[in-house]
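Student: Could you zoom in on one part of this structure for me and walk me through it slowly? I'd like to follow the side chains rather than get a quick overview.

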Amino acid sequence: TMTAGHVAGLVMLVGSLAVIVLGVVKLKWYMAEITGVFMAMGILTGLACGMKVNDMAEAFQEGAAGLVGAAIVVGFSQGMVVLATEGRIIDTLLNSMSAPLAGLSSYASVVVMLCVQHVINIFVSSGSGQAALTVPIMAPLGDLLGISRQTTVLIFQFGNGFTDQLMPTNNTLIGCLALAKLDWWTWVKWVFRMQVVFFVLNVLFLWGALAVGF
């Protein structure tokens, strides 16, 4: 049953997201400020729902436990980026990736970059870990190919998001299929056509972004 505390919590969530958007756009906030807003939101939401301090602490521990795996992946990914940067590996990767794409138009290049992002999503299912691993490579690659940073981020978002509904390495998908007692291959046969439609829409949106100079 929806209670007054639940409504207050939802209002605080929406209000906190609005504050974060305003802070990032107007005040140039980054991780420290965003973290502070989320912490305040968690405390105020707990109080609005009538939770005791101990209950809020336990709820925080349970939520944090589910993020430990993602945090470890982010840490390892950032370590790989440091090694690749300091060892001048990224420069080599950029050169080897940009050379074959140099003769392609930007419209063809975004399709190739999208396909690469989809492949990476098979092996690195964590969105934040994938961002830490691929964006330092994809962003300068886009610069070399004349693709804006905004479009490069859009490529990452599309490549990281839609195929999560298909990949067997996605823990959330496999968990949901297990709860539904649905075989993964049965699910793939049902959702594959939808993924093709999503891919075509992704390409059209990317081409549209290029056409309007986004």
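## Aromatic pairs and the core

Tutor: Let's start with Trp207, which counts as partly exposed, at 34% relative accessibility. Bear in mind that we're looking at a predicted model. There are four aromatic pairs in the structure. In one of them, Trp207 partners Tyr107: the ring centres are 6.2 Å apart and the planes make an angle of 70 degrees, giving an edge-to-face pair. Tyr107 belongs to helix α6 and Trp207 to helix α10, so this pair links parts of the chain that are 100 residues apart. Tyr107 is partly exposed too, with a relative accessibility of 35%.

Now look at Phe158 and Phe205. With 6.5 Å between ring centres and 45 degrees between planes, this pair is tilted. Phe158 sits in helix α8 and Phe205 in helix α10, so the pair ties together parts 47 residues apart in sequence. The two partners sit in different surroundings: Phe158 is buried, at 11% relative accessibility, while Phe205 is exposed, at 53%.

From the rings, move to the nonpolar packing. In general, nonpolar side chains of soluble globular proteins tend to be buried together. Here the largest nonpolar core has 14 residues, and Val110, Met113, Leu114, Leu145, Ile155 and Leu206 are the ones with the most contacts inside it. The elements that put two or more residues into this core are α6, α7 (127-145), α8 (149-161) and α10. The biggest share comes from α6, which supplies four residues. There's also a second, separate core of six residues, including Leu166, Leu177, Trp187 and Val188.

Met113 is a good place to park your view. You'll find Met113 in helix α6, which covers residues 106-123. Its relative accessible area is 2%; the cut-off for buried is under 20%, so Met113 qualifies. If you ignore neighbours within four places in sequence, Met113 touches Met138, Leu141, Gly142, Leu145, Ile147, Thr152 and Ile155. Take Ile155 from that list: its C-alpha lies 7.1 Å from that of Met113, although the two residues are 42 apart along the chain.

Next, swing over to the largest pocket, which has a volume of about 530 Å³. Its lining takes in 16 residues, and the ones nearest the centre are Gly42, Ile43, Met56, Ala59 and Phe60. Two elements, α2 (31-48) and α3 (53-65), each give two or more residues to that lining. By character, the lining splits into 12 nonpolar residues, four polar ones and no charged ones.

Finally, a couple of backbone details. Most residues other than glycine have a negative phi. Lys28 has a positive phi of about 60 degrees despite not being a glycine. Lys28 is in the loop between α1 (4-26) and α2, and is exposed at 66% relative accessibility. Lys181 also has a positive phi, near 55 degrees. Look for Lys181 in the loop between α9 (171-180) and α10 (184-211), where Lys181 is exposed, with a relative accessibility of 78%.

Terms used:
Residues numbered from 1 in each chain as written. Predicted model: local features only at pLDDT ≥ 70, side-chain atom pairs only at ≥ 80, totals over all residues. Heavy atoms only, no water. 1 Å grid on protein atoms, 1.4 Å probe; cavity = no way out; pocket = protein on both sides within 12 Å on 5 of 7 lines; lining within 4 Å. Points joined across faces, edges and corners; volume = space filled by probe spheres on them. Nonpolar A, V, L, I, M, F, W, Y, C, P; charged D, E, K, R; others polar. Buried < 20%, exposed > 50% of the residue type's maximum accessible area, 1.4 Å probe, protein only. Contact = heavy atoms within 4.5 Å. Core = buried A, V, L, I, M, F, W, Y, C linked by side-chain atoms within 4.5 Å. Phe/Tyr/Trp six-rings, centres within 6.5 Å; stacked < 30°, edge-to-face > 60°.
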